[in-house]
Amino acid sequence: MTKVVIIGGGPGGYEAALVAAQLGADVTVVDRDGIGGACVLTDCVPSKTLIATSVRMNYVTDAAKLGINVGNEAEDKDIVRIDLRTVNDRVKRLARAQSDDTAARVVKEGVRIIPGTARLVDPHIVAVGEERLHADVVLIATGAHPRELPTARPDGERILTWRQLYDLETLPERLIVVGSGVTGAEFANAYQALGSDVTLISSRDRVLPTQDQDAAEVLENVFRRRGMNVLANARAESVTRVGDGVQVRLADGRTVEGTHCLMTVGMIPNTSGLGLEEIGVRLDQGGFVEVDRVSRTSTPGVYAAGDCTGVNMLASVAAMQGRIAMWHALGEAVAPLKLSTVASTVFTNPELAAVGCSEADVRSGKVDARVVNLPLDTNPRAKMHGTKDGFVKLICRQHTGIVLGGVIVGPRASELILAVSVAVQQRLTVDDLAHTFSVYPSLSGSVTEAARSLMQASPE
């Protein structure tokens, strides 16, 4: 029986454990934080739970547009208030429940879980305290942690990482968010909806600089319209405590003051102290484990998955990397990881979801394709819900019509993108999508309508 030792119990680790157990291996997971890892306990699950609350808050505050009056109009915006302690208690309770459920499933499949910190003393020997675990296959799935700036050290009270937010008992009155990537945009949007006065500091010329430009512009317009102060081309140099608040100093000499500051400036891999370099595992300049498309490291028998590899840091990618590692290590036929089919979502309100190639690829000449952008405000279901912001963008190959990618901005875009993901994964054409029945009225109808538009489009 093949012995597999997995270091780390996040999505990359526990999904790999389930696959290995299913294939008959003797599987041990060494985990120091809790099964589910940071994804479940401090990052993805908690943040999306908080965001779900903020979206409900938007529903209530926008209800008057649909003819629903909540409370006494004389009370104005104080009609609806957030009890942050209750919100955060629920966030942490659900995260722990998800971790417990995942752990129970892993154990049920026959996987041994050892709490503790692991270190590789040999490519086939993992040390956990005084215990030595012998392994035929080792998977590193140790994740990553928030990057901290020397001039902006989090204190857990006023200067915070996103993992410290859930200990707050009162809503930040004036929240400064440093970093306008996915994490920064999500939390800035969420806390604004909950009632905080939010300033978002972006070192680039727009928010979400790595996302589709049209999508980022829609979201930035929504942020500003709802009252967010977005500072573009503004690099934060330092954050300091000032009395009961904080002061952020920008590179151009300006200062921004608030009650709290949230730092979202990247991730650092959890690869130090594991003995990786001593056994020949190559790390890049950032400390991330270098892997190939079947999750192999430079050391035979040692694989890696998840955020510690720096490969598209998404839970879904981590899980697939872990599964692929086990399929490959245990002799199953396996297709290498294909990042061009990975769907991603920014959980703002509205949501932004994307898959496949981008319009930037088309404009640069990298991909020979046609693009259509269908505004969501023409969709009958969107009109019923009072939704005006968003669109469906579809990209197909110039001559064959094969769907290469898409972007959706709107309510539940994370769910709507699945149809486009299936089309990209299965190499469907716009004709295939166009001839597929969609419910009327539905937001998903815009996907098939976009496909019909591309059927009629002709190359320039």
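These legends go with several views of one predicted model.

**Figure 1. The whole chain, with its 12 helices and 23 strands.**
Let's start with the big picture. The radius of gyration is 24 Å, close to the 23 Å that the globule rule gives for 460 residues, so the chain is as compact as a globular protein of that length. Its C-alpha trace spans about 65 × 65 × 45 Å along the principal axes. Of the 460 residues, 51% count as buried. Take the contacts between residues at least 6 apart in sequence: 62% of them join residues at least 24 apart.

**Figure 2. The surface of the chain and its charged side chains, 47 positive and 54 negative.**
How much area does the chain expose? The figure is about 21,700 Å², and carbon and sulfur atoms supply 48% of it. As for the charges, the centres of the positive and negative sets lie 2 Å apart.

**Figure 3. A close-up of helix α4, which holds Ala95 and Ser99.**
Helix α4 covers residues 84-108. Is Ala95 buried or exposed? With a relative accessibility of 2%, Ala95 counts as buried. Skip the neighbours within four places in sequence, and Ala95 is in contact with Val40, Leu41, Val45 and Pro46. Ala38 sits 57 residues away from Ala95 along the chain, yet their C-alpha atoms are separated by 9.9 Å. Now look at Ser99: this residue is buried too, with a relative accessible area of 2%. Again leaving out neighbours within four places, Ser99 is in contact with Gly34, Ile35, Val40 and Leu41. So Val40 and Leu41 turn up in the contact lists of both Ala95 and Ser99, and those two helix residues both count as buried because their values are under the 20% cut-off.

**Figure 4. The stretch at residues 342-451, which UniProt marks as a domain.**
The UniProt entry, an unreviewed one, calls this feature "Pyridine nucleotide-disulphide oxidoreductase dimerisation". Over these residues the chain is 32% helix and 29% strand, and the end C-alpha atoms are 20 Å apart. One residue to find here is Asp432, in helix α11 (residues 430-434). Asp432 is partly exposed, at 36% relative accessible area. Thr448 is 16 residues from Asp432 in sequence, and the two are 9.2 Å apart in space, C-alpha to C-alpha.

**Figure 5. Two cis peptide bonds, one between Asn349 and Pro350 and one from Tyr440 to Pro441.**
Most peptide bonds are trans, so a cis one is worth a look. Between Asn349 and Pro350, omega is about 10 degrees. Pro350 belongs to the loop between β19 (343-346) and β20 (351-356). For the bond from Tyr440 to Pro441, omega is near -5 degrees. You'll find Pro441 in the loop between α11 and α12 (445-456).

**Figure 6. Two loop residues with a positive phi, Asn233 and Ser295.**
Most residues other than glycine have a negative phi. Asn233 has a phi near 50 degrees, while the phi of Ser295 is near 75 degrees. Where is Asn233 found? Look in the loop between β12 (229-231) and β13 (236-242). Ser295 has its place in the loop between β17 (267-269) and β18 (302-304). At 54% relative accessibility, Asn233 counts as exposed, whereas Ser295, at 2%, counts as buried. The cut-offs tell you why: exposed means over 50%, and buried means under 20%.

Key
Residues numbered from 1 in each chain as written. Predicted model: local features only at pLDDT ≥ 70, side-chain atom pairs only at ≥ 80, totals over all residues. Heavy atoms only, no water. Helix = DSSP H or I, 4+ residues; strand = E, 2+ residues; numbered from the N terminus. Rg over C-alpha atoms; globule rule 2.2 N^0.38 Å. Buried < 20%, exposed > 50% of the residue type's maximum accessible area, 1.4 Å probe, protein only. Contact = heavy atoms within 4.5 Å. Areas by Shrake-Rupley, 256 points an atom, 1.4 Å probe, with all protein chains shown as cover. Lys, Arg positive; Asp, Glu negative; His and termini not counted. Charge placed at Lys NZ, Arg CZ, Asp CG, Glu CD. UniProt positions renumbered as here; feature names shortened; annotations may be inferred.
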